[in-house]
Structures are given as structure tokens and as C-alpha cells.
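Subject: Handing over the structure

Hello,

Here is the structure I promised to pass on to you. Please open it alongside this email, and then read on for what turned up in it.

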Amino acid sequence: MRVDVAFTPEESANGPVGIVVDVLRATSTIVQALASGYRRVLCCAEVDEAIALRDEIGDAVLAGERLAASIPGFDLGNSPRDFLEPLGETLILTTTNGTRAVIAAAARCDVVLIASLLNLEAVAAAARARGKDVAVVCAGVEGERAIDDAYCAGRIAELLDGERTGAAEEALSISRSFSSAKEALEASGNPRQRDLGEDIAWCARESVYAVVPTFAGMRGATAEVVVLT
Ligand code: MLT
């Protein structure tokens with residue numbers, strides 16, 4: 001198995017199995033929502049698309065953020081701590097970077113898994129079980145690398161223990177330069193991410209859930225993510 005890493009969705013990383021990472025906070029939120037009992041997450045790139053989808057479906061929870069702030073008229077923001085109890089079966093989510101990274105990975109990988117620190121070991125086990133080359137796709141922040149994602153990518157690369165590309169080795173060395181996940185998340189370079197308060201500690205918890213959110217198909221321009229049973 002070969003393990004490659006794209007530090008942003010614009011970088012190329014090749015592999016039939018894509019693993020999308022946006023630790024602060026989109027993929028942590030997707031993992032938390034599905035672990036809490038939501039049945040599916042519909043990942044939208046645009047706010048208008050998310051609103052139109054909710055109008056179409058009717059019975060769905062509308063959530064997300066732009067530039068880390070809540071979106072007016074939405075039911076919830078993008079804090080994983082808002083998703084401890086399901087408020088419905090379907091969550092429609094749109095975020096600045098993370099939901100777009102899911103859609104980008106879905107366009108170029110055969111299989112797409114959603115990773116965060118919250119489900120680190122479960123995702124690594126699921127990718128190992130597939131036995132195919134892996135591309136870890138980090139959401140980053142508006143086209144720039146994010147330390148939280150690079151840290152998580154490095155941890156995944158370490159757990160997969162395959163043949164690592166140069167980018168995967170770089171991610172591994174970034175992850176090894178921190179003594180804990182929390183330290184890595186606190187070091188995140190984006191000023192907005194420094195204001196996430198208790199979400200940092202929440203998202204830094206490792207392997208607390210066994211769910212592996214998996215891309216199930218496109219619904220128009222929206223990527224549907226579920227836990228396969
Ligand atoms: C994103 O998708 O850009 C993030 O998850 C940002 C955030 O949660 O604030």
C-alpha cells in the first residue's frame with residue numbers, strides 16, 4: 001500500500017482510497033454527527049445549495065459556517081459539540097473548506113472516507129482493510145496548509161504503515177514534532193482557528209468513536225456521507 005498526502009485539495013495526491021481531513025472542524029463535526037445518530041450528512045459547497053436542498057427535503061437540519069462564524073438562518077453552526085444529540089435524520093452541512101474537500105475527493109477517488117482525530121484508528125483500520133493505495137486529502141484553510149490537518153494526516157500515515165510518498169513523510173514528521181494532538185491543534189496558524197475555544201480540546205480527542213463516515217454518492221452537486229453497515 002502506498003500512502004500519499006495532499007496538504008490542500010488543490011495539491012495532487014493519488015490513490016483509489018481518499019481520506020478527507022478537516023480536523024478544525026468539518027470532518028470532526030461529520031464524525032460527531034454520525035456517531036450521535038444522524039443517518040446521513042449532505043455536504044454542500046455553497047450556502048445557497050444547502051438552503052435549496054433543505055427546502056427540497058423539508059425534514060433536515062441545516063448547519064455550517066463561513067469564516068468560522070454561524071450562517072444567518074441556519075439551525076446550527078459547525079461546532080461538533082452542537083451535534084451530540086440528533087435533531088433529525090439528515091444533516092445538511094456547508095463549511096468554508098471541509099465540505100468542499102469532500103466533494104473534491106469524491107471527484108477523484110473511488111472510495112472516500114472521512115477522518116478526524118475522533119475516529120483516527122477506525123479510519124486507519126478501514127483503509128488498511130481496503131488494501132489499496134491511499135490519498136489523504138487535507139482541507140487546509142482557504143488554499144493554505146493547516147497544521148491540524150497535516151498533524152492528523154501524519155498520524156494516519158503512521159498507522160497505515162505503507163510505502164510513504166515524500167508528502168506523507170513530511171506529514172509524519174510534522175505530527176512527530178508535537179507532543180500531543182492538542183498541542184498541534186493549538187499551534188494551528190489560522191487566526192480564526194485560535195478562537196474556537198473548547199472545540200480545540202474536543203477535536204483533539206483521539207479514537208473516541210468507531211464510525212467511519214463514507215461517501216455514498218453525489219446528489220446533484222452534493223456529496224452524501226453515511227456510515228456503511
Ligand atoms: C471549514 O470547513 O473551513 C472548517 O471546518 C472551518 C470551521 O469549522 O470553522
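Below are some notes on cysteines, a pair of helices, an aromatic pair and one arginine. Please keep in mind that this is a predicted model.

Let me start with the cysteines. Searching the whole structure for disulfides gives zero. Cys-43, for instance, is in no disulfide, and the nearest cysteine sulfur belongs to Cys-44, 7.6 Å away. Cys-43 is also buried, its relative accessible area being 0%. What about Cys-138? The closest cysteine sulfur to that of Cys-138 is in Cys-152, and at 7.8 Å this is too far for a bond, because a disulfide needs the two sulfur atoms within 2.5 Å. Cys-138 is buried as well, with a relative accessible area of 1%.

Next, have a look at helices α5 and α6. Helix α5 covers residues 147-160 and helix α6 covers residues 166-176; their axes come within 7 Å and cross at roughly 110°. The crossing angle therefore makes α5 roughly perpendicular to α6. Which residues meet there? On the α5 side they are Ala-150, Tyr-151, Ala-153, Gly-154, Arg-155, Ala-157 and Glu-158, and on the α6 side Ala-168, Ala-171, Leu-172, Ile-174, Ser-175 and Arg-176. Sorted by character, the residues of this contact between α5 and α6 are eight nonpolar, two polar and three charged.

Tyr-151, one of the α5 residues in that contact, turns up again among the aromatic rings. The count of aromatic pairs comes to two. One of them joins Tyr-151 and Phe-178 in an edge-to-face arrangement, with 6.2 Å from centre to centre and 75° between the planes. The pair links distant parts of the chain: Tyr-151 sits in helix α5, while Phe-178 lies 27 residues apart from it, in the loop between α6 and α7 (181-186). Are these two rings' residues buried or exposed? Tyr-151 is buried, with a relative accessible area of 3%. Phe-178 is buried too, at 18%, because the limit for buried is under 20%.

Finally, a stop at Arg-54, which you will find in helix α2 (residues 47-57). What does Arg-54 touch, leaving aside its neighbours within four places in sequence? Its contacts are Ala-60, Leu-62, Gly-73, Asp-75 and Ile-92. Thr-90 is 36 residues from Arg-54 along the chain, and the C-alpha atoms of the two are separated by 9.5 Å.

Enjoy exploring, and do write back with any questions.

Best wishes

Notes: Residues are numbered from 1 along each chain as its sequence is written. This is a predicted model: local features need pLDDT of at least 70, side-chain atom pairs count only at pLDDT 80 or more; totals for chains, interfaces and linings use all residues. Side-chain values use heavy atoms; hydrogens and water are left out. Buried means under 20% relative accessible area, exposed over 50%, partly exposed in between (1.4 Å probe, protein chains only). Axes are lines fitted to C-alpha atoms, for helices over the stretch in contact, and angles run from 0 to 180 degrees between N-to-C directions. Helices (H or I, at least four residues) and strands (E, at least two) are DSSP runs, numbered from the N terminus. Angles under 35 degrees count as roughly parallel, over 145 as roughly antiparallel, 65 to 115 as roughly perpendicular and the rest as oblique. Contact means heavy atoms within 4.5 Å. Ala, Val, Leu, Ile, Met, Phe, Trp, Tyr, Cys and Pro count as nonpolar, Asp, Glu, Lys and Arg as charged, and the others, Gly among them, as polar. Rings of Phe, Tyr and Trp (its six-membered ring) pair if their centres lie within 6.5 Å; planes under 30 degrees apart count as stacked, over 60 as edge-to-face and the rest as tilted.
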